[in-house]
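I set down here, in order, what I looked up in this entry. Salt bridges come before the sheet and its helices.

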Amino acid sequence: MNEHIMIIDDDIHIGNMLEEALSRENYNVSRAYSGTEALMLLPIKKPDLVLLDLMLPGLSGEELLPYIEGIPVIIVSAKIDIDNKVELLLGGAADYITKPFNIKELLARIKVQLRTRNTTLSSSELVYSDLKLNTHTHAASIGDRQIKLTRTEYAILKLLMLNPVQVITKSQMLERISEDTPDCTETSLKQHISNLRRKLRSADGKDYIEAVWGIGFKMA
């Protein structure tokens, strides 16, 4: 699947130029013309990378940046103040390029960020059948359906997916998830596992976690 880039810029001319250049490189492209519109579209479009202008109507680029999580953001702005660049890079931006820019340089920077993101994702994603768990973002999904996990549910699922053929006893589980979720107790563990199994089953009707009677749990 071609990677998807969202352009957030109210300058029609620059946006059109960027869209044309990115489309020639076989990227999927979407557009937002204000920070407010982008905030609404980001959860729906789910881009792989964002090109973000700073001087936007509605929410500014600086105000929007903290809401963009788990997606590399390249700032594309006419602002050249060094302190401003440093603040944005420390605040979550992956890169910063000033207008006017060379399109070949911007395309190269995009490729670097996407390559880095894909490497990070591939090394942090656990997969079991149709179930995926990202250990970087703590996001779980079955097919296109996102599964919301509590801290303890995430820790349990991560442990089981890291050891998919091994039966994990209750005592082993409590010991090995204690770093991620120190509040889990022997009394509450059973309920956490029950809730986790129910959430996973509700996505596609499959049982992903199996109880081994008298011993513990494993991936089904």
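I began with E105 and R109, whose side chains meet in a salt bridge at 2.5 Å, N to O. The model is predicted, and I read each value below as computed from it. Both residues belong to helix 5 (residues 103-124), where they sit 4 residues apart, about one turn of the helix. I checked their accessibility next: E105 is partly exposed at 36%, and R109 is partly exposed at 23%.

I then turned to D130 and K206, which form a salt bridge at 3.0 Å, N to O. D130 lies in the loop between strand 6 and strand 7, and K206 in the loop between helix 8 and strand 11 (209-212), so this pair ties together parts that are 76 residues apart in sequence. D130 has a relative accessible area of 38% and is partly exposed; for K206 I noted 38% and partly exposed.

The side chains of K218 and E210 also meet in a salt bridge, at 4.0 Å, N to O. Is K218 buried or exposed? K218 counts as buried, because its relative accessibility is 19% and the cut-off for buried is under 20%. Its partner E210 is partly exposed at 35%.

I recorded one network as well: D9, D53 and K99 are linked by salt bridges. How many salt bridges does the structure hold? I noted 12.

My next entry concerns the sheet. It is open and consists of 4 strands in the order 6-7-8-9, with antiparallel pairing. Strand 6 (125-128) and strand 9 (145-147) each have a single partner strand and stand at the edges, so one side of each is left without a neighbour in the sheet. On average, neighbouring strands are turned by 25 degrees against each other, direction ignored.

I followed the pairing of strand 6 with strand 7 (residues 131-134), which is antiparallel and runs over 4 bridges. Within it, E125 has N134 of strand 7 as its bridge partner. Helix 6 (residues 151-162) packs on the sheet and touches strand 6 and strand 7; its direction makes about 115 degrees with that of strand 7. Helix 8 (residues 186-204) lies across strand 7, strand 8 (140-142) and strand 9, and runs at about 175 degrees to strand 9.

Last, I looked at the surface. I82, V86 and L90 make a nonpolar patch of about 330 Å². L90 is found in helix 4 (residues 82-90) and is exposed, with a relative accessible area of 74%.

Definitions and conventions: Residues numbered from 1 in each chain as written. Predicted model: local features only at pLDDT ≥ 70, side-chain atom pairs only at ≥ 80, totals over all residues. Heavy atoms only, no water. Pairing = 2+ DSSP bridges. Helix = DSSP H or I, 4+ residues; strand = E, 2+ residues; numbered from the N terminus. Axes fitted to C-alpha atoms, helices over the stretch in contact; angles between N-to-C directions. Contact = heavy atoms within 4.5 Å. Patch = residues over 30% accessible without salt bridge, like charges linked within 9 Å, V, L, I, M, F, W, Y side chains within 5 Å. Areas by Shrake-Rupley, 256 points an atom, 1.4 Å probe, with all protein chains shown as cover. Buried < 20%, exposed > 50% of the residue type's maximum accessible area, 1.4 Å probe, protein only.
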